Amino acid sequence: MKKFLALFMAAAMVLAMVACGNGGNNANSGTGGNNDQSSTGGNIDGDSTGGAVTLKIGGIGPLTGGVAIYGNATYWGAQVAVDEINAMQSDIRIEYKYEDDEGDNEKAINAYRSLQDWEVDVIYGCTTSAPCVAVAGETFADRYFQLTPSASSTDVTAGRDNVFQICFTDPNQGVTAAKYIAENKMAAKIAVIYNNADPYSTGIYEAFAAEAPNQGLEVVSVSTFSSDENVDFSVQVRDAQSSGAELVFLPIYYTPASNILKQAKDIGYAPKFFGADGMDGILTMAGFDLSLAEGLMLMTPFNAYATDERTVTFIDSYKKLSGGVEPNQFAADGYDCVYAIYEAAKKAGISDGMSHEDICAALISAFTDSGFSVDGLTGSGMVWNTNGEVSKEPVAVVIENGAYVNM
């Protein structure tokens, strides 16, 4: 984190863009087979820092591959926050670079090494749980502060004081879902379909299954699958139907869920469907029949159809960056991550010349301070405990006429 080096690099970038005739904010380049994206954001140039401290945030997530929709959302969501913060001309200026891990553990480690070569100060990511667990082991040993937007497994933070989450943990979602279904008398007989090869899906299911009896819910059918690329759910759907389930709980991502919804309709099975935050994004899925999602309920910390000024501004900026793509909760989590790091850096008094080890210690202290909280798109008054877990309230929504409606 060296200001003079940052000034030199920023000036070099400006010269390079002029020479190439490229006026964009993002630079894409291949590094050892990885796609990476870097930006200083906004209208900041090499001569406008005015003595501001430069904080280098390095992100990791899938920009390509089967779960790229989540990584691109966290990349663009964070970029919106970087642009806003740098446009403030505040005492902290952010440099931002994002590496592609394709949702793969080994590639995530390679992405982390690339960010180390870039002299990163703070790690933002990973997007999905398994790669994040792998990288967290490295950042813990190397003493980098790490904040993930969406890796919700408790294994991400377990035993690591330097790793924090801005998303709900898997057990939190499972317990909350069981309580919400019971308190709102949605159903008494429940079926669950989950991915037993996915830590995210399994973690939510296990917590839900443990809490359901406490809430007077009877789980009458539990069926599994082992890959989000699975397309045939006829066995699982028929088991739920034959068991008399009035509600099917789907703690899974929306790609397999879209197939389940279609196959249930094909056999005339019309229970209530209830999902967790991984369901968010189903309305923007290419080729998906939106009528299949009518009445689908899910828990999400972000409603892209809200009308408050901050949400509307975020959506407008995000769509300009993404080429018209609608943001989901992964994007909003990414936005909130950058602001949380920024606010903690201000509170901690981060200064030029600090090592990444010192920055890590300072940010841990700030995040766990009882007086520290962050208001974001995904929650107001967000606070963290010493285990790195965030405290905020989930929002339950139902899909009506192709849009989220708060329940």
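Buried means under 20% relative accessible area, exposed means over 50%, and partly exposed covers what lies in between (1.4 Å probe, protein chains only). The close-ups below come from a predicted model, in which local features need pLDDT of at least 70 and side-chain atom pairs count only at pLDDT 80 or more, while totals for chains, interfaces and linings use all residues. Residues are numbered from 1 along each chain as its sequence is written, and side-chain values use heavy atoms, with hydrogens and water left out.

**Figure 1. The whole chain, to get our bearings.** Welcome to a chain with 11 helices and 16 strands; helices (H or I, at least four residues) and strands (E, at least two) are DSSP runs, numbered from the N terminus. Of the 407 residues, 55% are buried. Contact means heavy atoms within 4.5 Å. Among contacts with a separation of 6 or more, 70% join residues 24 or more positions apart.

**Figure 2. Helices α5 and α6 cross at roughly 45°.** Here α5 (residues 170-183) meets α6, and their axes come within 7 Å. Axes are lines fitted to C-alpha atoms, for helices over the stretch in contact, and angles run from 0 to 180 degrees between N-to-C directions. That angle makes α5 oblique to α6: under 35 degrees counts as roughly parallel, over 145 as roughly antiparallel, 65 to 115 as roughly perpendicular, and the rest as oblique. The crossing is right-handed, a term for a near helix turned clockwise from the far one by less than a right angle, with anticlockwise being left-handed. Look for Gly 174, Val 175 and Ala 178 among the α5 residues in the interface, and for Gly 203, Ile 204 and Phe 208 among those from α6.

**Figure 3. Glu 211, a buried acid without a salt bridge.** Glu 211 is found in helix α6 (residues 199-211). A salt bridge is a side-chain nitrogen of Lys or Arg within 4 Å of a carboxyl oxygen of Asp or Glu. Lys and Arg count as positive and Asp and Glu as negative, while His and the chain ends are not counted. For Glu 211, the nearest side chain of opposite charge is Lys 179, 4.9 Å away. Leaving out residues up to four places away in sequence, Glu 211 touches Val 175, Ala 178 and Lys 179.

**Figure 4. Helices α2 and α10 pack at about 40°.** The axes of α2 (residues 68-87) and α10 (residues 329-348) lie 7 Å apart. The two helices are therefore oblique to each other, and α2 passes α10 in a right-handed crossing. Residues in this interface include Ala 73, Gly 77 and Ala 81 from α2, and Gly 334, Tyr 335 and Val 338 from α10.

**Figure 5. Salt bridges of Asp 316 and Lys 319.** Asp 316 pairs with Lys 320 at 3.3 Å, N to O. Both lie in helix α9 (residues 309-322), four residues apart, about one turn of the helix. Asp 316 is partly exposed at 40% relative accessibility, whereas Lys 320 is exposed at 65%. Lys 319 bridges to Glu 326, with the closest N and O atoms 3.2 Å apart. Lys 319 is partly exposed at 30%, and Glu 326 is partly exposed at 35%.

**Figure 6. A salt bridge within α10, and a network.** Glu 343 and Lys 346 have their closest N and O atoms 3.5 Å apart; they sit three residues apart in α10, about one turn of the helix. Glu 343 is partly exposed at 29%, and Lys 346 is partly exposed at 44%. Elsewhere, salt bridges that share partners join Arg 113, Glu 138 and Asp 142 into one network. The structure holds 11 salt bridges.
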